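Here's a quick tour of some charged pairs and where they sit. Have the sequence and the 3D view open as you read.

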Amino acid sequence: MAYQTLIVEIEDYVALIRLNRPEALNALNSALLAELGDALKAADANEKVRCIVITGSEKAFAAGADIKEMSDKSFVEMYTQSFFSAETETILATRKPIIAAVAGYALGGGCELAMMCDFIIAGDNAKFGQPEINLGVIAGMGGTQRLTRFVGKSKSMDMHLTGRFMDAAEAERSGLVSRVVPAAKLVQEAMAAAQKIAAKSQVSVMAAKEAVNVAYETTLAEGVRFERRTFYALFATEDQKEGMAAFLEKREPQFRDK
Ligand code: HXC
């Protein structure tokens, strides 16, 4: 499908979704988020996709929600439209893993979009921030909650109250990103990570994603119970038999998602 604000390519079972509004540093407007939701639903439903990478340009992953689109809205409009809430739910409902490959600015809604993905690989020029305080508002797509869980209260407060940016090294040090790579190699590295995931059994990949996400929603004891039940359930799959047999026979497993 042809999109106005995205470029989508599928290569070796990975859907690469590039945010593409260069004139606005990929600011997230309604059109872009609607297309992103569409692309994610299509990727989730496509048998030729086993992992998803979302990226921007070398200058900006996304510089936030589109300020031009928001600036004149009233409280009543924001509240009754539940601004960007359905779009957020669509991103979070994606069952296949999503890697955010972040170069340049990931600010406001851009940082929040990256944090909604399953993990973040950063280019060494990445800059993360929640600068909404400079606009007289606060984060609105989960930033106060998710950033706090990633980096802890002190750093999260600092970011939300001062609006300062965090560079890639600080983001890695504080657990916001899983790894930092040279910006020029970002997409290549993210695609390699995605292809590695795509080669696993999709059943266990989905189960792992679901189980890690439970850690954000429940107590430790309930989370561990969920994990254990899921772990046991995977013994009903052919891929578990294949994975363990391949290990014992010293060969590569041939997973069939069964
Ligand atoms: C609309 C934006 C934009 C944004 C940049 N642009 N960010 N347009 N919304 N969030 C546009 C600029 O207006 C400009 O357009 C073009 O992109 C290039 O930006 P410059 O500012 O000229 O570039 P530069 O000097 O390099 O500065 C880069 C920057 C700065 C530091 C990233 O653009 C910036 O501070 N942007 C805003 C960041 C921000 O406040 N984000 C939070 C948004 S609120 P023209 O037409 O002038 O060339 C948010 C809430 C989320 O995200 C919750 C929603 C529910």
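## Arg164 and its network

Let's start with Arg164, which is partly exposed at a relative accessible area of 27%. That label fits because anything between the buried limit of 20% and the exposed limit of 50% counts as partly exposed. Keep in mind that you're looking at a predicted model.

Which residue does Arg164 pair with in a salt bridge? The partner is Asp158, and the closest N and O atoms are 3.0 Å apart. Asp158 is partly exposed too, with 27% relative accessibility. The pair isn't on its own: through shared salt-bridge partners, Lys155, Asp158, Arg164 and Glu170 are joined into one network.

## Salt bridges across the chain

Side chains of opposite charge can pair when their charged atoms come close. How many salt bridges does the model have? The count comes to 13.

One of them is between Asp257 and Arg50, with 2.6 Å between the closest N and O atoms. This one links distant parts of the chain, as the two residues are 207 residues apart. Asp257 sits in the segment after helix H12 (238-248), while Arg50 is in the loop between helix H1 (30-45) and strand S3 (51-55). Are the two partners buried or exposed? Asp257 is partly exposed, at 29% relative accessibility. Arg50 has 14% relative accessibility, and it counts as buried because the cut-off for that is under 20%.

## Helix H10: Glu210 and Val212

Now over to Glu210, whose side chain meets that of Arg95 in a salt bridge, at 3.9 Å from N to O. Glu210 belongs to helix H10, and Arg95 to the loop between helix H4 (85-92) and strand S5 (98-102), so the salt bridge ties together parts that lie 115 residues apart in sequence. As for accessibility, Glu210 is partly exposed with a relative accessible area of 41%, and Arg95 is partly exposed with 44%.

Helix H10 covers residues 202-214, and Val212 is found there as well. Is Val212 buried or exposed? Val212 is exposed, with a relative accessible area of 55%; it gets that label because the cut-off for exposed is over 50%. If you'd like a distance to check in your viewer, try the C-alpha atoms of Val212 and Lys258: they are separated by 22 Å, and the two residues are 46 residues apart along the chain.

Key: Residues are numbered from 1 along each chain as its sequence is written. This is a predicted model: local features need pLDDT of at least 70, side-chain atom pairs count only at pLDDT 80 or more; totals for chains, interfaces and linings use all residues. Side-chain values use heavy atoms; hydrogens and water are left out. Helices (H or I, at least four residues) and strands (E, at least two) are DSSP runs, numbered from the N terminus. Buried means under 20% relative accessible area, exposed over 50%, partly exposed in between (1.4 Å probe, protein chains only). A salt bridge is a side-chain nitrogen of Lys or Arg within 4 Å of a carboxyl oxygen of Asp or Glu.
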